[in-house]
Amino acid sequence: MERARSFPSRRRLLKGAALAALPYALVPGTRATAQTVVDYPSAEWTAASKYNYTASSRPATYRLDYVIIHVTQETYSDTLSIFANPQKQVSAHYVVRSADGHVAQCVRERDIAWHAGNWDYNTRSVGIEHEGWVDRPAYFTNALYEESAKLTASICTRYGIPKDRAHIIGHYEVPGTDHTDPGPNWDWTRYIRLVNFA
């Protein structure tokens with residue numbers, strides 16, 4: 001005797017599919033995490049080693065007063081590799097590429113990057129590295145200035161940091177530092193103007 005075939009109803013199929021998908025809907029996927037982890041929407045997330053910064057909850061734990069401008073003295077890719085290496089004990093929140101102004105975020109703004117060489121300034125600042133060398137002005141391209149200025153303007157707006165030279169400073173201006181970056185070839189007048197018009 002042949003049994004009559006029993007097919008599940010459409011409603012039962014849809015209900016089963018919804019239940020099967022439920023655990024995946026509750027756990028964010030890799031793509032969603034990568035998109036939401038950056039503080040600056042135009043940035044690409046390229047994580048620094050967790051051993052190269054201090055977890056925090058700024059601005060609740062520390063008020064943000066400064067944006068500190070750095071020059072890498074390395075290539076863009078080498079800088080990202082250094083920040084990812086747990087033995088280097090250095091990081092910055094952002095790295096800006098010379099050729100096209102592409103921005104990588106390496107440390108969340110709420111966390112304390114180790115970039116200034118001064119703990120007090122690290123706790124109260126966001127550090128931006130720029131690909132290049134202080135004695136090679138060709139690395140300071142229009143794209144680098146323009147995209148960095150947009151980033152700095154965004155940081156200043158979000159945290160109420162004045163868009164002036166007293167609050168947007170060079171690494172060389174941090175007390176106790178022995179660094180000279182961004183160096184004499186960095187055009188501060190142009191940069192501050194771009195920040196204020198971004």
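Buried, as used below, means under 20% relative accessible area. The exercises concern a predicted model, and residues are numbered from 1 along the chain.

**Exercise 1. Determine which residues of α6 are buried, and what they pack against.**

Step 1. Applying the cut-off to α6 gives Trp 188, Arg 190, Tyr 191, Ile 192 and Val 195 as buried.

Step 2. For two of these the values can be checked one by one: Trp 188 has 12% relative accessibility and therefore counts as buried, and Tyr 191, at 0%, counts as buried too.

Step 3. The buried residues of α6 pack against the strands β3, β7 and β8 (168-170) and against the helix α5.

Step 4. At the N-terminal end, α6 is capped by Asp 187, with a side-chain oxygen 3.4 Å from the backbone nitrogen of Thr 189.

**Exercise 2. Classify the ring pair formed by Trp 188 and Tyr 191, and place the pair in its surroundings.**

Step 1. A pair of aromatic rings is described by the distance of the centres and the angle of the planes.

Step 2. For Trp 188 and Tyr 191 the centres are 6.3 Å apart and the planes stand at 85 degrees, and since planes over 60 degrees apart count as edge-to-face, the pair is edge-to-face.

Step 3. Trp 188 and Tyr 191 are three residues apart in helix α6, which means that about one helical turn separates them.

Step 4. The pair belongs to a wider cluster, in which ring pairs link Phe 140, Tyr 145, Trp 186, Trp 188 and Tyr 191.

**Exercise 3. Work out how the rings of Tyr 66 and Tyr 121 are arranged, and which parts of the chain they tie together.**

Step 1. The structure holds nine aromatic pairs, and one of them joins Tyr 66 and Tyr 121, whose ring centres are 5.0 Å apart and whose planes are at 20 degrees.

Step 2. Planes under 30 degrees apart count as stacked, so this pair of Tyr 66 and Tyr 121 is stacked.

Step 3. Because Tyr 66 lies in strand β3 and Tyr 121 in helix α4 (residues 119-123), the pair ties together parts that are 55 residues apart in sequence.

Step 4. Tyr 66 and Tyr 121 are both buried, and the ring of Tyr 121 also has the charged end of Arg 124 sitting over it, 5.5 Å from its centre.

**Exercise 4. Describe the largest nonpolar core, and follow the contacts of Ile 168.**

Step 1. This core has 29 residues, and those with the most contacts inside it are Tyr 94, Leu 151, Ile 155, Ile 168, Trp 186 and Tyr 191.

Step 2. Two or more residues of the core come from each of β3 (66-71), β4 (94-96), β7 (125-130), α5 (142-159) and α6 (188-197), with the largest share, seven residues, supplied by α5.

Step 3. Leaving aside residues up to four places away in sequence, Ile 168 touches ten named here in part, among them Val 67, Ile 69, Thr 152, Cys 156, Trp 188, Tyr 191, Ile 192 and Val 195.

Step 4. A second, separate core of 10 residues includes Ala 48, Ala 92, Cys 106 and Ala 113.

**Exercise 5. Summarise the protein as a whole.**

Step 1. The secondary structure comes to six helices and eight strands, in the order α-α-β-β-β-α-β-β-β-α-β-α-β-α along the sequence.

Step 2. Of the 198 residues, 42% count as buried, while the accessible surface comes to about 11,200 Å², with 53% of it belonging to carbon and sulfur atoms.

Step 3. Among contacts between residues at least 6 apart in sequence, 73% join residues at least 24 apart.

Notes: Predicted model: local features only at pLDDT ≥ 70, side-chain atom pairs only at ≥ 80, totals over all residues. Heavy atoms only, no water. Core = buried A, V, L, I, M, F, W, Y, C linked by side-chain atoms within 4.5 Å. Buried < 20%, exposed > 50% of the residue type's maximum accessible area, 1.4 Å probe, protein only. Helix = DSSP H or I, 4+ residues; strand = E, 2+ residues; numbered from the N terminus. Contact = heavy atoms within 4.5 Å. Polar contact = N/O pair within 3.5 Å; in protein donor to acceptor, adjacent residues only side chain to side chain. Phe/Tyr/Trp six-rings, centres within 6.5 Å; stacked < 30°, edge-to-face > 60°. Lys NZ or Arg CZ within 6 Å of the ring centre and 35° of its normal. Areas by Shrake-Rupley, 256 points an atom, 1.4 Å probe, with all protein chains shown as cover.
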